Amino acid sequence: MLRLFDTARGGVYPVEPRDPGKVSMYVCGPTVYAPPHVGHGRHALVFDVLRRYLEWNGVEVQHVSNVTDVDDNIITRAAEENVDWTEVATYWEQVWWEAIDAIGVKRPNANPHASAYIDGMVELIGDLVEHGMAYETSDGVYFQAERIEDYGLLARQSIDSLRAGARVEANEEKHSPIDFALWKKAKPGEPSWPSPWGNGRPGWHTECVVMSLDILGDGFDIHGGGQDLAFPHHENERAQAVAEGHKFARHWVHHGFVEVSGEKMSKSLGNFTDLLDLVSWGDPRAYRLLVLRSHYRAPIEISKDSVKDAEQGLERLDRFAERFASAAGGAADEEALDRFRELMDDDLSTPAAVALLFDLVRRANSDDDLLAAAAAFEICKAVGLELRTTAGAITDEANVLARERDEARAAKDFTRADSLRDQLIDLGYEVADTPTGTQLRRR
């Protein structure tokens, strides 16, 4: 049985699905106002690996990941660019999907948008006010966090500790410094929706409560995100659900940060690498391999050197795939696959699983072991690591250009040969000169 670290309980526990043979998973998605960085890429890859592994084991996964398209950052950017907020959200959402597609992440089964759930959020906030769990102020509606007995569970802190460490705010109408906004009354020029408390927009912490429960229902299996979301975002989601008597997520899963020189990578710190930039100068598959080499709860540092090192590992795997392509899908070393399952079921121990993968590749190469080769292919399939062979990756167009380049080189027309080489590179190929002619390989 799959066991994962549960932030709420502070240890590794079995994931016991609400519905046998199925896993429902809600993963907080992007706020679309700027390019995604490699930290967002790790976030997407961690849960993609989890999903693929479950599906490889025959589990039906319902993966939901939202899009926050109503947010202060979106409004601020729209004002700076003098455009409507919807233009900002639409553009950067397109960039998000382009980046996620580029690193081979499967799209979620559902990607609800905050702007489509405003009515449901207003209804939830109204219920919280009616039940005495929230109150109105001059600038909005706030949730009374201290009314939740175990508030702070995901932070692993007591209410007293949270209160003592809370940021001092100018808003004197708040009952407690740890109370949080459910509804923000609109300021001039801001997008707004009608509500019993005046025109405005929901606070960030409310949208995922409404969307997750609407799509997945009470007691869904996994709620996931980065460690920075555990508190306050996920804790505030949980508090609202608990206040209304809902059984919320059964298991809370949070992954570690991507770091630069020991600091968390973030937009606010300005130390982030655009995910599409990484894709442009490296093999997108290398990022997946890097993520797999690190345990999902540990920090990971990304650099050009680490990406290049992962690309060397991919080179070995691709050459293996070329040699043993006929073994894919065949009889496999079941003992090795059982060991793989043991590792993955133990809180997604992907570093050990990657070591097992390369051990199987060595066995296959040294002993012509087809059982080991088939097991290696299965492991790659289970974690979404695509292997490429030269023959299978090259298009007819590229082969024609390669032949024309060989003809140009034979005729000593090196200007044309260089031009054809550039065209091949633009198409995404590595070009090498060999005694038998131009050799191509997908980057």
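**Exercise 1.** How do the residues of the lining of the largest cavity divide into nonpolar, polar and charged?

*Solution.* The structure is a predicted model, in which local features need pLDDT of at least 70 and side-chain atom pairs count only at pLDDT 80 or more, while totals for chains, interfaces and linings use all residues. Residues are numbered from 1 along each chain as its sequence is written, and side-chain values use heavy atoms, with hydrogens and water left out.

Step 1. A cavity is a set of points, on a 1 Å grid over the protein atoms alone, where a 1.4 Å probe fits but cannot get out; lining residues have an atom within 4 Å of a point. The largest cavity has a volume (the space filled by probe spheres set on the points) of about 140 Å³.

Step 2. Its lining consists of 16 residues, and Ala-44, His-63, Ser-65, Trp-96 and Val-105 lie nearest the centre. At least two lining residues come from each of α1 (38-56), β4 (60-65) and α3 (85-102). Helices (H or I, at least four residues) and strands (E, at least two) are DSSP runs, numbered from the N terminus.

Step 3. Ala, Val, Leu, Ile, Met, Phe, Trp, Tyr, Cys and Pro count as nonpolar, Asp, Glu, Lys and Arg as charged, and the others, Gly among them, as polar. The lining of the largest cavity thus has ten nonpolar, four polar and two charged residues.

**Exercise 2.** Which element gives the most to the lining of the second largest cavity?

*Solution.* Step 1. The second largest cavity holds about 60 Å³ of space. Among its lining residues are Leu-45, Val-46, Val-49 and Tyr-296.

Step 2. Two or more residues come from α1 and from α9 (284-293). With three residues, α1 gives the most.

**Exercise 3.** At what angle do the axes of helix α4 and helix α6 cross?

*Solution.* Step 1. Axes are lines fitted to C-alpha atoms, for helices over the stretch in contact, and angles run from 0 to 180 degrees between N-to-C directions. The axes of α4 (residues 118-130) and α6 (residues 204-216) cross at roughly 105° and come within 9 Å.

Step 2. Angles of 65 to 115 degrees count as roughly perpendicular; α4 and α6 are therefore roughly perpendicular to each other.

Step 3. The contact (heavy atoms within 4.5 Å) involves Gly-120, Met-121, Leu-124 and Ile-125 of α4, together with Thr-206, Glu-207, Val-209 and Val-210 of α6. Five of these residues are nonpolar, two are polar and one is charged.

Methods:
Parallel < 35°, antiparallel > 145°, perpendicular 65-115°, else oblique. 1 Å grid on protein atoms, 1.4 Å probe; cavity = no way out; pocket = protein on both sides within 12 Å on 5 of 7 lines; lining within 4 Å.
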